[in-house]
Amino acid sequence: MKYAHVGLNVTNLEKSIKFYSIVFGVEPVKLKPDYAKFLLQTPGLNFTLNLRDEVSGNQVGHFGIQVESTDEVSAHKNRLEANGIRTQYEEINTTCCYAIQDKFWILDPDGNEWEFFYTKADVEVNSENASSCCTHEPKDEKVECCSTTALSKNTTKCCS
């Protein structure tokens, strides 16, 4: 295998190119009026943006970038915030998805959630609180998600 591929539908190509150029730290390798392609060596990812008239927010659980250390989580958080991408929330020493992790979350211009995370250790429980794994407080607008449980519109529903 050479690259994993993700094709993401977006409503504002210019804003999305700016956002993902900052997140990935590189510019697109191909630009068209309705398309942009990022080709990342590490991680090996062919990531494309496809302009659409309408996108209904976060249609996937979330996206994530796994890093090698807690220091790297902090470095990415600081880099993104210095470039205008606000952290939605941070989780340190959280037990989620059968692992102890340090992570932070951001939103792209269409509301897709991204986590940068470091897995410290595997554990035998899914979460410290099964009803709130990978969610944050305060819970505001309720929406139905990938389960039958109503969660906050601005919380992450699933884990890495």
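## A pocket, a helix and a cluster of rings

The largest pocket is lined by 23 residues, and those nearest its centre are Phe24, Leu40, Thr42, Pro43 and Ile65. The elements that each give two or more residues to this lining are β1 (4-10), α1, β5, α2 (70-82) and β8, and the greatest share comes from β5, with four residues. The space in the largest pocket amounts to about 390 Å³. Rolling a probe the size of a water molecule over the atoms is a way of showing where empty space is left. The model described here is predicted, and every value in this report is computed from it.

**The chain as a whole**

The protein has two helices and 10 strands, which follow one another along the sequence in the pattern β-α-β-β-β-β-α-β-β-β-β-β. Of its 160 residues, 40% count as buried. Among contacts between residues at least 6 apart in sequence, 54% join residues at least 24 apart.

**Helix α1**

Helix α1, which covers residues 13-24, has 12 residues and reaches 16 Å from its first C-alpha to its last, close to the 16 Å expected at 1.5 Å a residue. At its N-terminal end the helix is capped by Asn12, which has a side-chain oxygen 3.2 Å from the backbone nitrogen of Glu14. Just after α1, Gly25 takes a positive phi of about 75°.

Is α1 mostly covered or mostly uncovered? The helix is mostly covered, with nine of its 12 residues buried, and these are Leu13, Ser16, Ile17, Phe19, Tyr20, Ser21, Ile22, Val23 and Phe24.

**Aromatic pairs**

A pair of aromatic rings is described by the distance of the centres and the angle of the planes. A search of the whole structure finds 12 aromatic pairs, and two of them are set out in the table.

| Pair | Centre to centre | Angle between planes | Kind |
|---|---|---|---|
| Tyr20 and Phe47 | 4.8 Å | 50° | tilted |
| Phe63 and Trp114 | 4.9 Å | 25° | stacked |

The pair of Tyr20 and Phe47 links distant parts of the chain, with Tyr20 in helix α1 and Phe47 in strand β4 (residues 45-51), 27 residues apart. Both Tyr20 and Phe47 are buried. Because the planes of Phe63 and Trp114 stand at 25°, with the ring centres 4.9 Å apart, this pair is stacked. The pair of Phe63 and Trp114 also links distant parts of the chain, since Phe63 is in strand β5 (residues 63-66) and Trp114 is in strand β8 (residues 113-122), 51 residues apart. Phe63 and Trp114 are buried as well.

Which residues do ring pairs link into a cluster? The cluster contains Phe19, Tyr20, Phe24, Phe38, Phe47, Phe63 and Trp114.

**Two backbone details**

Most residues other than glycine have a negative phi, and most peptide bonds are trans. The peptide bond from Thr42 to Pro43, however, is cis, with omega near -5°. Pro43 is found in the loop between β3 (35-40) and β4, and both Thr42 and Pro43 are among the residues nearest the centre of the largest pocket. The other detail concerns Asn93, whose phi is near 55°, a positive value in a residue other than glycine.

**Three residues in β6 and β8**

Asn93 is found in strand β6 and, at 43% relative accessibility, counts as partly exposed. The C-alpha atom of Asn93 is separated by 10.0 Å from that of Ala121, with the two residues 28 residues apart along the chain.

Ala121 has its place in strand β8, and because its relative accessibility is 31%, Ala121 counts as partly exposed. Leaving aside its neighbours within four places in sequence, Ala121 is in contact with Tyr98, Ala99 and Ile100.

Thr95 has its place in strand β6 (residues 89-96). Why does Thr95 count as buried? The reason is that its relative accessibility is 12%, and buried means under 20%. Leaving aside neighbours within four places in sequence, Thr95 is in contact with Ile100, Val123, Val125, Asn126, Ser127 and Glu128. Ile100 is thus a contact of Thr95 and also a contact of Ala121.

Methods. Residues are numbered from 1 along each chain as its sequence is written. This is a predicted model: local features need pLDDT of at least 70, side-chain atom pairs count only at pLDDT 80 or more; totals for chains, interfaces and linings use all residues. Side-chain values use heavy atoms; hydrogens and water are left out. The expected span of a helix is 1.5 Å times one less than its number of residues. Buried means under 20% relative accessible area, exposed over 50%, partly exposed in between (1.4 Å probe, protein chains only). A polar contact is a pair of N or O atoms within 3.5 Å; within protein, one must be able to donate a hydrogen and the other to accept it, and residues adjacent in sequence count only if both atoms are side-chain atoms. Rings of Phe, Tyr and Trp (its six-membered ring) pair if their centres lie within 6.5 Å; planes under 30 degrees apart count as stacked, over 60 as edge-to-face and the rest as tilted. Contact means heavy atoms within 4.5 Å. On a 1 Å grid over the protein atoms alone, a cavity is a set of points where a 1.4 Å probe fits but cannot get out, and a pocket is an open set with protein on both sides within 12 Å along at least five of seven lines; lining residues have an atom within 4 Å of a point. Grid points are joined across faces, edges and corners, and a volume is the space filled by probe spheres set on the points.
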